[in-house]
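Trainee: I have the entry open and would like to go through it with you. Could we take it piece by piece?

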Amino acid sequence: MASISLSFCSSMVSSPIPHDTQHPTFRVTGFAISSPPSKTQTSSHSVVKKRHWKQGEFPGTSQTSLTDSTRKTPIKNLKKKFDQKNNAKAWVNTVTESLSERVDKKQWLQALEVFDMLREQTFYQPKEGTYMKLIVLLGKSGQPHRAHQLFTTMIEEGLDPTPELYTALLAAYCRSNLIDEAFSVLNEMKKLPLCQPDVFTYSTLIKVCVDAFKFDLVELLYKEMAERSITPNTVTQNIVLGGYGKAGKFDQMERVLSSMLGSTTCKPDVWTMNTIISVFGNMGQIDMMEKWYEKFRNFGIEPETRTFNILIGAYGKKRMYDKMSSVMEYMRKLQFPWTTSTYNNVIEAFADAGDAKHMEYTFDQMRAEGMKADTKTFCCLINGYANAGLFHKVISSVRLAGKFEIPENITFYNAVLSACAKAEDLMEMERVFMRMKDSQCQPDETTYTIMIEAYRKEGMNDKIYYLEQEKQTMMTDDKKTLLHLYSIPPLSGAAVYFCFDTEGVTSRVILKDCLFIPAAYQCFLSEESYNKVKYQLKINSGYL
């Protein structure tokens, strides 16, 4: 089989797309604000002092205009000082804008590099908002431990943690399904009077428990909320609704919905509607999806763009293209805009069927309308071309994604690996796997499944053994997390290393001239390990 090396480029052919509707063109008009003219100043002297200066210089008084007055000593290099000040301001703007750009593009590694460079500058001042954006970005990028490390750095710089920052850290663990660590953050919050958890904190934690089908923990969280007089809101109830639906617990789902209908403070909304129809749509139960759609319409809840996107996705998965097209036309009729998700659902429908022609036509129309593609768009394109056997267009899609600076997350790499496996190009699959590691994108269960199945078809048992060993090592490393250097500026320049696992048992603690355990790490220690550490600290402090 010929190699489909991703180092070569194959351009995608775009076709002209007719448009039924014309979109207005928006023009940005630039304007400049001029400084107001300086007022003519009067003088008590008989001779008027004439003022003249160059642009960027401080107004000076000419020598000939002075009568019986002492000439002041001129200020030297004033323009140079102004230029240096302006350049410093420009540097600040450049670094901060670069950081914002990296965050917007979800480039977490580059964002951390720019942030480290920013912290080294003399003008740097730690800001809560900057740390919030970075912690949220790391959480969405599957880097919860880096988020915790950044959270610790924030505390070291003198910023006080807030409930919002703790919730962002908790959400980072939840996105990676690290439930034990998320509960540890919750317990830490409850110990701090000014960082008490709120309904958003509990809703975030309830979601990860629901997704893991740990409904016993959900009940415990509800009970704890009641003890703290925290009332679940509509968002919380919608999360639980979706969880019961995905688990097939339809009786409990209807019970929660009935309680919402009878509530005065937690009424169902369009998100409730979207949650339930999404449950049945993903399960392929089109009749139930349509039934609940009509029920919510009778409740007086009007659909939104996301509602129609859910319907389009459900119809597309069942290859009900007529209904899919009808919903899209209905959106146009009601003047609902087609979004990136709308196009992604249509592209995904054709991709699953291996219909490259209509998939490419939809993508061309998406680009013609100025709609921005995202990671899911290119994952669908790669899967569609692979299913159709057009592996040269898989290459062009990967190259185009790089041109558009599309974030390359675990889903993107898995799509490329799957395409290489379908093309039976194992050498390229291994190159993509190495690039994935170099990008610090950690493989998941799907990654190893794709590669092991590809090797099994070729009878490469040695490769399979190596991957299984690597997978087992990765799972072991996930249970043990080594937090980096932690300094204690208030008392000493001491350093503490904690190596712990998810069960809270410390396997190694290195203490040097330390007098207390940092609060950020207390939640990771078991009671036995905590007592051992306290004993070592007493030795360091001279009590023993």
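Trainee: Which residue follows H16, and what is the sign of its phi?

Mentor: Gly-370 follows H16, and its phi is positive, near 75 degrees. Please keep in mind throughout that this is a predicted model.

Trainee: What is the span of helix H16, end to end?

Mentor: The end C-alpha atoms of helix H16 (residues 356-368) are 18 Å apart. At 1.5 Å a residue, its 13 residues should span 18 Å, so the two values agree.

Trainee: Which residues of H16 are buried, and what covers them?

Mentor: The buried residues are Ala-356, Met-359, Glu-360, Thr-362, Phe-363, Asp-364, Gln-365 and Met-366. Their cover includes H15, H17 and helix H18 (391-403).

Trainee: Thr-340 is in H15; what does Thr-340 touch?

Mentor: Not counting residues up to four places away in sequence, Thr-340 touches Met-366, Met-371, Lys-372, Asp-374 and Thr-377. One of these, Met-366, is also among the buried residues of H16.

Trainee: Is Thr-340 buried or exposed?

Mentor: Thr-340 is buried, because its relative accessible area is 17%, and the cut-off for buried is under 20%.

Trainee: Going back a little along the chain, where does Pro-337 lie?

Mentor: Pro-337 lies in the loop that runs between helix H14 (321-333) and helix H15 (340-352). Leaving out residues up to four places away in sequence, Pro-337 touches Thr-305 and Met-331. Thr-305 is 32 residues from Pro-337 along the chain, yet their C-alpha atoms are separated by 7.3 Å.

Trainee: Now helix H11. How many of its residues are buried?

Mentor: In H11, 11 of the 13 residues are buried, and the helix is mostly covered. Among the buried residues are Val-270, Thr-272, Asn-274, Ile-277 and Phe-280.

Trainee: What covers the buried residues of H11?

Mentor: The cover includes helix H9 (234-246), helix H10 (250-261), helix H12 (286-298) and helix H13 (305-317).

Trainee: And the two ends of H11: what caps the N-terminal end, and what follows the helix?

Mentor: Asp-269 caps the N-terminal end, with a side-chain oxygen 3.1 Å from the backbone nitrogen of Trp-271. After the helix comes Gly-284, with a positive phi near 80 degrees. As for the length, the end C-alpha atoms of helix H11 (residues 270-282) are 18 Å apart, which agrees with the 18 Å that 13 residues should span at 1.5 Å a residue.

Trainee: Let us change topic to helix packing. At what angle do H17 and H19 pack?

Mentor: H17 and H19 pack at an angle of about 10 degrees, and their axes are 9 Å apart. That makes the two helices roughly parallel, because angles under 35 degrees count as such. On the H17 side the contact residues include Phe-378, Cys-379, Ile-382 and Ala-386, and on the H19 side they include Phe-412, Ala-415, Val-416 and Ala-419.

Trainee: What about H19 and H21: how far apart are their axes?

Mentor: The axes of helix H19 (residues 410-422) and helix H21 (residues 445-457) are 10 Å apart, at an angle of about 10 degrees. H19 and H21 are therefore roughly parallel to each other. The contact is made by Ile-410, Asn-414, Leu-417, Ser-418 and Ala-421 of H19 together with Thr-446, Thr-447, Ile-450 and Ala-454 of H21.

Trainee: One more residue, Thr-201 in helix H7. Which side chains does its side chain join in polar contacts?

Mentor: The side chain of Thr-201 has a polar contact of 2.7 Å with that of Thr-167 and another of 2.9 Å with that of Asp-198. Thr-201 counts as buried because its relative accessibility is 1%. Leaving aside neighbours within four places in sequence, Thr-201 is in contact with Thr-167, Leu-170, Leu-186 and Met-189. The C-alpha atoms of Thr-201 and Met-189 are 9.9 Å apart.

Trainee: Finally, the confidence. What is the average pLDDT, and which elements have the lowest and highest means?

Mentor: The protein averages a pLDDT of 78, and 70% of the residues score at least 70. Strand E4 (residues 486-487) has the lowest mean, 32, while helix H17 (residues 375-387) has the highest, 97.

Trainee: Where does pLDDT stay under 50?

Mentor: It does so over residues 479-527, for which the model has 105 contacts beyond four places in sequence. Over residues 537-544 the pLDDT is also below 50, and that stretch has 13 contacts beyond near neighbours in sequence.

Notes:
Residues numbered from 1 in each chain as written. Heavy atoms only, no water. Helix = DSSP H or I, 4+ residues; strand = E, 2+ residues; numbered from the N terminus. Contact = heavy atoms within 4.5 Å. Buried < 20%, exposed > 50% of the residue type's maximum accessible area, 1.4 Å probe, protein only. Polar contact = N/O pair within 3.5 Å; in protein donor to acceptor, adjacent residues only side chain to side chain. pLDDT = per-residue confidence, 0-100. Expected span 1.5 Å × (residues − 1). Axes fitted to C-alpha atoms, helices over the stretch in contact; angles between N-to-C directions. Parallel < 35°, antiparallel > 145°, perpendicular 65-115°, else oblique.
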